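Dear colleague,

I am passing the structure below on to you, together with some notes on its internal cavities and on the strands around them. Please read the notes alongside the coordinates.

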Amino acid sequence: MRRKLAAGNWKMNGMSAELEELSTLARMYPSPTVDVLICPPATLLHRAASTVQATDIQVGGQDCHANTSGAHTGDISAGMLLDAGASAVILGHSERREDHGEQNEDIRAKARAAMDAGLKAIICVGESLEQREAANTLDIIGGQMSGSIPDQSTGENLIVAYEPIWAIGTGKVPTLDEIGEVHDFIRTRLERRFGEGVGRSVRLLYGGSVKPGNAADIFAVSNVDGALVGGASLKAQDFAGIIDALQNA
Ligand code: PGA
């Protein structure tokens, strides 16, 4: 059985004061029946970890470097994330691919570093609107998967997030059939590459404009094991609506 996961990506949002949202969440969900993960900016990671220490809520990073240490000004290693209290790291988010020109091979190297350090890698894949309209979605996702998912992946250390770029922060969401088609495709590809046992144990998240109002419908789609949530993870009340929908799914 795959344990469901509600993951929040705060992106470049959050000052010290916003840790109060996390305290609220910690009071509401000391031991949720699904996994709950918040990925704050790196500046807040250590304090976020302390904030949720007495609960089952976990914290994670939003990126890491492929190397373990060295002369890489401004970068953060997977080991450093772990040391700050993280249990997971988001990799290959479309904003990283776009803003920093990250390629599949970069993401694969980062994922290897994350897994070697003992972190779960949440690897993001997703098509642009242009690619969807040209009916290239599955080709794009397949290419991103073979390029960015490392061979050492298991159901323990890998989570795949399907995030159509055109649905991120836009309020637009694919139809449930479209989400199901891509998630079934990802599942089949994982089973083919890693064998049925591993392929079936990897958790698949949907991301892109998930809100309390649409979460239950999305969580009812087959092979959707949870969500990667941006905007709606910033406020405890909003994220609670999504956690509740997942707990009831
Ligand atoms: P959103 O972002 O929920 O604000 O659309 C999702 C994401 O980028 O992970």
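In this predicted model, strand β2 gives the most to the lining of the largest cavity, contributing 3 residues, and β2 (35-39) and β4 (86-91) are the elements that each supply at least two residues of that lining. The cavity itself has a volume of about 60 Å³, and it is the largest of 2 cavities that reach 30 Å³ or more.

The residues that line the largest cavity are Leu-5, Asp-35, Val-36, Leu-37, Gln-58, Ser-87, Ala-88, Lys-120, Ile-159 and Arg-203. Sorted by class, this lining has 5 nonpolar, 2 polar and 3 charged residues, with Asp-35, Lys-120 and Arg-203 being the charged ones.

Two of these lining residues, Leu-37 and Gln-58, also meet in the strand pairing, where Gln-58 in β3 is the bridge partner of Leu-37. Strands β2 and β3 (residues 58-61) run parallel and are joined by 2 bridges.

That pairing belongs to a wider arrangement, in which 8 strands close into a barrel with parallel pairing, following the order β1-β2-β3-β4-β5-β6-β7-β8. From one strand to the next, the twist averages 25 degrees. Helix α7 (residues 137-148) packs on the sheet and touches both β5 (120-125) and β6 (158-162), with a direction that makes about 150 degrees with that of β5. Each of these two strands also holds a residue of the largest cavity's lining, Lys-120 in the case of β5 and Ile-159 in the case of β6.

The second largest cavity has a volume of about 40 Å³, and it is lined by Trp-10, Glu-21, Leu-22, Leu-25, Ile-38, Ser-233, Leu-234, Lys-235, Ala-236 and Phe-239. Here the elements that give two or more residues are the helices α1 (19-28) and α11 (236-247), and α1 provides the largest share, with 3 residues. By class, the lining of this second cavity divides into 7 nonpolar, 1 polar and 2 charged residues, the charged ones being Glu-21 and Lys-235.

When you go through the model, you may wish to look at β2 with both cavities in view, since Leu-37 appears in the lining of the largest cavity, whereas Ile-38 appears in that of the second largest.

With best regards

Definitions and conventions:
Residues are numbered from 1 along each chain as its sequence is written. This is a predicted model: local features need pLDDT of at least 70, side-chain atom pairs count only at pLDDT 80 or more; totals for chains, interfaces and linings use all residues. Side-chain values use heavy atoms; hydrogens and water are left out. On a 1 Å grid over the protein atoms alone, a cavity is a set of points where a 1.4 Å probe fits but cannot get out, and a pocket is an open set with protein on both sides within 12 Å along at least five of seven lines; lining residues have an atom within 4 Å of a point. Grid points are joined across faces, edges and corners, and a volume is the space filled by probe spheres set on the points. Helices (H or I, at least four residues) and strands (E, at least two) are DSSP runs, numbered from the N terminus. Two strands pair if DSSP finds at least two bridges between them. Axes are lines fitted to C-alpha atoms, for helices over the stretch in contact, and angles run from 0 to 180 degrees between N-to-C directions. Contact means heavy atoms within 4.5 Å.
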